[in-house]
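Colleague: I would like to learn how to read burial, contacts and helix packing from a model. Please take the features one by one.

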Amino acid sequence: MKNKKKLTGEKIAKIVMNIIIVLALIVILFPFYWLLLTSIRPKSEIFNISSLITLKPHIGNYKMVFTERPFARYILNSFVIGLETTVISIVIASFAAYAIAKTNISPKIKNLVLSLSLAVSMFPQITIVSPIYVMVKNLGLRNSFFGLLIPYTTFSLPLAIWYLTTFYQGVSHEIDEAAKIDGCNTFQIFYKIITPLIAPGIFTAAILIFISAWNEFLFALVINTDDIWRTVSVGIVMFQGRFTIPWDEISAAAIVVMIPLVLMVFVFQQRIVSGLTAGAVKE
């Protein structure tokens, strides 16, 4: 009798949990569904909030985004800036994180350096947008890719260093010692032995940096004011006119912007999972 009650209780708990999961998914995914619905609706149905479907779906809004506006250029700008920021930040952060994790420095100093770097990444962007704007302007880098690389890298590096340091610290010193016995120097140990073992951390950090650069708005708005140099986040905001807001085109553009991020997560997720069993001996 007790076993039957126990099984019944487990079934009820499982059903309740499934219901909660379904409700959570509905709450999370509904805004994206509404965004997609708005992007394929005709203008006459945009403000019809009582209907969860459309009887006249069309892709005209997507065509308008690319034909009436330089949206392809916005995407290219965001991709180039995001890629450059990711590569520069990961390369520098890898060297810095390895040095912090593997050199004979006092743990208190290491913690202080990591804490300071993490604190820098938490600074509100609005507090330093003025000095960065003045610096970029004086260097003649406004309306260029390099103008955005300075603030993007400034905010990406500290978090990347802090994140990668934890991965380098997780690799056993036995691997370093074995590599030294085999005749490897410090640089060879870094890029041939240790770095491949923390590939999951590198890919995760790269994804976070790229997404942050792809979605960044404030610096892109202030530094790159020419339409040809705008990123997607700023370009979408500029869709609105003085008296009208084209929600259908904005929704279509937002869907297009989301696609590369979703695809990137899936692609890198496979590499992260495959790299989790790279053969490292953890401490």
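Modeller: Start with burial. Ser89 has a relative accessible area of 0% and is therefore buried (buried means under 20% relative accessible area, exposed over 50% and partly exposed in between, with a 1.4 Å probe and protein chains only). The model is predicted: local features need pLDDT of at least 70, side-chain atom pairs count only at pLDDT 80 or more, and totals for chains, interfaces and linings use all residues. Residues are numbered from 1 along each chain as its sequence is written, and side-chain values use heavy atoms, with hydrogens and water left out.

Colleague: Where is Ser89 placed, and which residues does Ser89 touch beyond those up to four places away in sequence?

Modeller: Ser89 is in helix H3; helices are DSSP runs of H or I with at least four residues, strands are runs of E with at least two, and both are numbered from the N terminus. Not counting residues up to four places away, Ser89 touches Thr153, Ser156, Leu157 and Ile209, where contact means heavy atoms within 4.5 Å.

Colleague: How should I read the packing of two helices?

Modeller: Two packed helices are described by the angle between their axes and the distance between the axes. Axes are lines fitted to C-alpha atoms, for helices over the stretch in contact, and angles run from 0 to 180 degrees between N-to-C directions. Here H3 (residues 71-102) packs with H9 (residues 199-215) at about 140°, and the axes are 8 Å apart. H3 and H9 are therefore oblique to each other (under 35 degrees counts as roughly parallel, over 145 as roughly antiparallel, 65 to 115 as roughly perpendicular and the rest as oblique).

Colleague: Which residues of H3 and H9 meet?

Modeller: Those on the H3 side include Ile75, Phe79, Leu83 and Ser89, and those on the H9 side include Ile202, Ala206, Ile209 and Trp214. By class, the contact of H3 with H9 has 11 nonpolar, five polar and no charged residues. Ala, Val, Leu, Ile, Met, Phe, Trp, Tyr, Cys and Pro count as nonpolar, Asp, Glu, Lys and Arg as charged, and the others, Gly among them, as polar.

Colleague: At what angle do H8 and H9 pack?

Modeller: Helix H8 (residues 186-197) packs with H9 at about 75°, with the axes 5 Å apart. That angle makes H8 roughly perpendicular to H9. Thr195, Pro196 and Leu197 of H8 make the contact with Ala199, Pro200 and Ile202 of H9. These residues divide into five nonpolar, one polar and no charged.

Colleague: Is Val27 buried or exposed?

Modeller: Val27 is exposed, because its relative accessible area is 62%. Val27 is placed in helix H1 (residues 2-40). Val27 lies 23 residues from Ser50 in sequence and 17 Å from Ser50 in space, C-alpha to C-alpha.

Colleague: And Ser39, which also needs a location and its contacts?

Modeller: Ser39 lies in helix H1 and, at 0% relative accessibility, counts as buried. Ser39 and Tyr62 are 23 residues apart along the chain, and their C-alpha atoms are separated by 7.6 Å. Beyond its neighbours within four places in sequence, Ser39 is in contact with residues including His58, Asn61, Tyr62 and Asp248.

Colleague: Where is Asn143 found?

Modeller: Asn143 is in the loop between helix H5 (125-138) and helix H6 (145-169). Asn143 counts as buried at 16% relative accessibility. Leaving aside neighbours within four places in sequence, its contacts are Ile223, Asn224, Thr225, Asp226 and Trp229.
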